[in-house]
Amino acid sequence: MNPGRGMRGYTPPMPLPELASRLAALVGADRVSTDPAKLREAARDLTEIRGTPPDVIVRPAGLEHVQAVLRFANSERIPVVPVVFNTNVGGLALPSNGGILLDMTGMNRILEVNADDLYMVVEPGVTWGQVKEHLDRNYPQTRFAYSLSPPDTSVLANTLMDGLLNLSLRFGTSSDWLNGVEAVLADGTVVRTGAAAWSTVQWCSSAPMPDLTGLFVNLHGTTGIVTKASIRLQHGKRLRRRYFMMGYDLRACYTTIRTLVREEICDDIGLLTWPVAKMLFGEKRPRWRGPGEPLAMIYLDVSSNRQAEMDLRLSILEETLEAGRKAGHAWQGPLDVRDLVKIEPAFRKLAEFPTRLDFMLDHPGGGLSWVGTYGPTSRWDEATELAVRIMEEHAFPPFAVARPMAQGHFGVLRLIETFDRDKPAEVEAVAKLNAALVEALLPLGFIPYKTPEWVFRAHGSKIDAGFREMLRRVRSALDPNGILNPGKWPV
Ligand SMILES: Cc1cc2nc3c(=O)[nH]c(=O)nc-3n(C[C@H](O)[C@H](O)[C@H](O)COP(=O)(O)OP(=O)(O)OC[C@H]3O[C@@H](n4cnc5c(N)ncnc54)[C@H](O)[C@@H]3O)c2cc1C
């Protein structure tokens with residue numbers, strides 16, 4: 001087990017029935033659970049990582065509940081771990097040492113949508129599916145970005161983790177979309193960041209305030225519990241198309257993606273290696289690529305309000321592919337996803353977001369893990385070839401995803417495994433593979449995002465010493481007793 005920061009050897013300060021009844025007095029008995037099955041389930045997520053079961057689960061209804069629980073936990077030195085749907089794929093919401101699991105799913109209101117100033121204010125339990133339905137029905141002139149995560153997972157939690165979205169190529173990670181947050185610190189103090197720290201009438205920007213929102217980003221709830229956030233919306237586009245292309249040469253694929261990024265014609269570009277296509281069509285653990293089968297699929301999203309602009313963007317795409325063909329690289333496509341769905345309905349899962357990628361989740365043992373990294377797109381080719389080789393050496397399908405982010409300033413490289421969580425040998429094999437991938441990719445500048453605790457324990461000493469010290473001081477200032485998600489970011 002992983003003892004937490006400041007919580008090593010933690011034992012509950014009171015008998016568990018007393019702990020539960022003290023919490024019930026604060027939030028109501030129906031919001032407190034000590035059901036052993038639920039406590040056990042909370043110690044695992046989709047991955048190979050295991051936590052310790054919490055002592056109790058509390059489901060707050062609002063800000064006052066969160067404040068009351070934190071004041072109590074802080075005075076009694078009890079760990080508090082925030083979680084929404086626990087799909088972060090990194091063990092980030094698994095208690096390292098018991099304590100209170102703060103289940104934020106009960107705070108699930110969309111509090112405001114401002115279509116003129118392009119933002120919405122949401123609570124942590126608001127899901128992608130909920131936002132999509134609300135905006136489509138009431139604010140069709142706006143659009144939001146979606147991740148590939150299941151529709152019933154948290155938008156706000158994603159923005160606290162630098163998530164990757166289908167508009168991230170244009171507008172950056174989901175944390176870049178934050179105008180600010182409302183958060184409760186360990187002692188119950190409520191803070192607001194961004195424009196709402198000063199203004200009672202607008203929350204459409206983070207500027208010109210000092211960027212204290214960053215104190216809650218990528219820190220996995222170790223600095224405070226976020227109770228609401230203002231998140232940017234974008235202008236809607238009348239015309240939206242998704243195209244698929246099949247490529248046979250990895251380096252040519254990346255060259256094409258880099259060219260398309262420079263042309264600035266796409267909202268999103270994603271490369272998926274061949275196992276994805278086979279899994280989409282029902283194969284569980286594809287190991288072999290047939291002769292003549294493409295090496296990768298690339299999808300492209302293009303949007304505009306004008307047909308003439310769409311036509312121009314498409315002609316630039318055709319020109320780029322033609323240049324590749326002249327250089328000897330074969331391509332299939334571009335194929336409009338609407339036509340692909342007619343030929344092969346399985347493509348529907350990749351046609352519209354949010355989507356549930358059931359082929360990654362619904363299999364015996366239901367395990368899903370990955371090493372997801374952000375790094376330099378100039379080194380994609382080298383990094384992918386290395387990662388693919390390592391996956392094959394470990395007898396896993398070379399399932400990789402790459403996406404350019406923030407106008408190409410950096411890119412995603414994610415190596416994905418599905419496995420049976422109930423088979424110890426498979427769990428061990430995934431842990432070994434992930435360790436080998438991080439070991440190989442970090443020196444190339446590919447840093448694991450949504451960073452799991454084990455990565456810090458293995459490689460944290462390579463983080464700049466001054467950075468670590470500053471982070472330690474910041475955390476001690478905000479959470480002097482180390483009660484918030486102990487064990488994560490073990491600096
Ligand atoms: C098949 C699949 C595909 C996915 N694709 C993507 C993708 O394309 N892009 C992407 O970004 N992600 C992806 N994900 C990861 C994940 O599903 C999303 O990031 C999702 O939005 C996380 O929501 P959650 O409710 O599961 O968060 P959780 O896992 O519950 O929480 C995430 C983190 O936030 C902390 N936290 C939760 N609530 C609070 C709070 N109120 N205050 C402070 N900290 C808090 C938790 O402790 C944890 O550290 C994918 C997952 C799956 C299973």
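Two residues count as being in contact if their C-beta atoms, placed from the backbone, lie within 7 Å. With that in hand, here are the close-ups; keep in mind that this is a predicted model.

**View A. Helix 7 lies across four strands: strand 12, strand 13, strand 14 and strand 17.** Helix 7 covers residues 250-263, and it runs at about 170 degrees to strand 13 (268-273). Strand 17, also under this helix, spans 400-405. Two of the strands here, strand 12 (residues 239-247) and strand 14 (residues 296-304), pair with each other in the antiparallel sense, over 9 bridges. To find your place in that pair, look for Leu239, which stands opposite Ser304 in strand 14.

**View B. An open sheet of 8 strands, with antiparallel pairing.** Read across, the strand order is 15-12-14-13-17-18-16-19. Strand 15 (331-336) and strand 19 (447-448) are the edge strands, each pairing on one side only. Another helix shows up here: helix 13 (residues 424-441) lies across strand 16 (366-375), strand 18 (410-420) and strand 19. Its direction makes an angle of about 5 degrees with strand 16.

**View C. Helix 7 meets helix 12 in a right-handed crossing.** The axes of helix 7 and helix 12 (residues 380-393) come within 10 Å and cross at roughly 145 degrees. Helix 7 brings Leu250, Arg251 and Tyr254 to the contact, and helix 12 brings Trp380, Asp381, Thr384 and Glu385. Sorted by class, that contact holds 3 nonpolar, 1 polar and 3 charged residues.

**View D. Two domains and the contact between them.** The protein chain is divided into domain 1 (124-235) and domain 2 (239-448). Taken over C-alpha atoms, their centres are 26 Å apart. Domain 1 puts 15 residues into the contact and domain 2 puts in 16. On the side of domain 1 that touches domain 2, helix 4 (128-138) and helix 6 (168-171) are the elements that give two or more residues. By class, that side of domain 1 comes out as 8 nonpolar, 5 polar and 2 charged residues.

**View E. The shell around the ligand.** There are 34 residues around the ligand, and Val84, Ser149, Ser154, Gly163 and Gly221 come nearest. Strand 3 (80-83), helix 5 (155-159), strand 10 (225-232) and helix 11 (358-361) each chip in at least two residues. How many of the shell residues are nonpolar, polar or charged? The split is 22 nonpolar, 12 polar and no charged. And where does the ligand lie relative to the two domains? Domain 1 and domain 2 both give residues to the shell, so the ligand lies between them.

**View F. A four-stranded open sheet with mixed pairing.** The order of its strands is 1-2-4-3. Strand 1 (32-33) and strand 3 stand at the edges with a single partner strand each, so one side of each has no neighbour in the sheet. Strand 1 and strand 2 (residues 56-58) run antiparallel and are joined by 2 bridges. Ser33 sits opposite Ile57 of strand 2. Helix 1 (residues 16-27) lies across strand 1 and strand 2, and runs at about 5 degrees to strand 2.

**View G. The hairpin of strand 5 and strand 6.** Strand 5 (residues 110-114) and strand 6 (residues 119-122) run antiparallel, with 4 bridges joining them. Ile110 stands opposite Val122 in strand 6. There are 4 residues between the strands, and Leu118 in this hairpin takes a positive phi near 60 degrees.

**View H. Some backbone oddities in the loops.** Most residues other than glycine have a negative phi, and most peptide bonds are trans. Val89 has a positive phi, near 60 degrees, and is found in the loop between strand 3 and strand 4 (100-103). What kind of peptide bond joins Ala207 and Pro208? That bond is cis, with omega at about 5 degrees, and Pro208 lies in the loop between strand 9 (190-192) and strand 10. The bond from Phe353 to Pro354 is cis too, with omega near -5 degrees. Pro354 belongs to the loop between helix 10 (337-343) and helix 11.

Conventions:
Residues are numbered from 1 along each chain as its sequence is written. This is a predicted model: local features need pLDDT of at least 70, side-chain atom pairs count only at pLDDT 80 or more; totals for chains, interfaces and linings use all residues. A residue is near a molecule or strand if its C-beta atom, placed from the backbone, lies within 6 Å of it. Ala, Val, Leu, Ile, Met, Phe, Trp, Tyr, Cys and Pro count as nonpolar, Asp, Glu, Lys and Arg as charged, and the others, Gly among them, as polar. Domain bounds come from an automatic or database domain assignment. Two strands pair if DSSP finds at least two bridges between them. Axes are lines fitted to C-alpha atoms, for helices over the stretch in contact, and angles run from 0 to 180 degrees between N-to-C directions. A crossing is left-handed if the near helix is turned anticlockwise from the far one by less than a right angle, and right-handed if clockwise.
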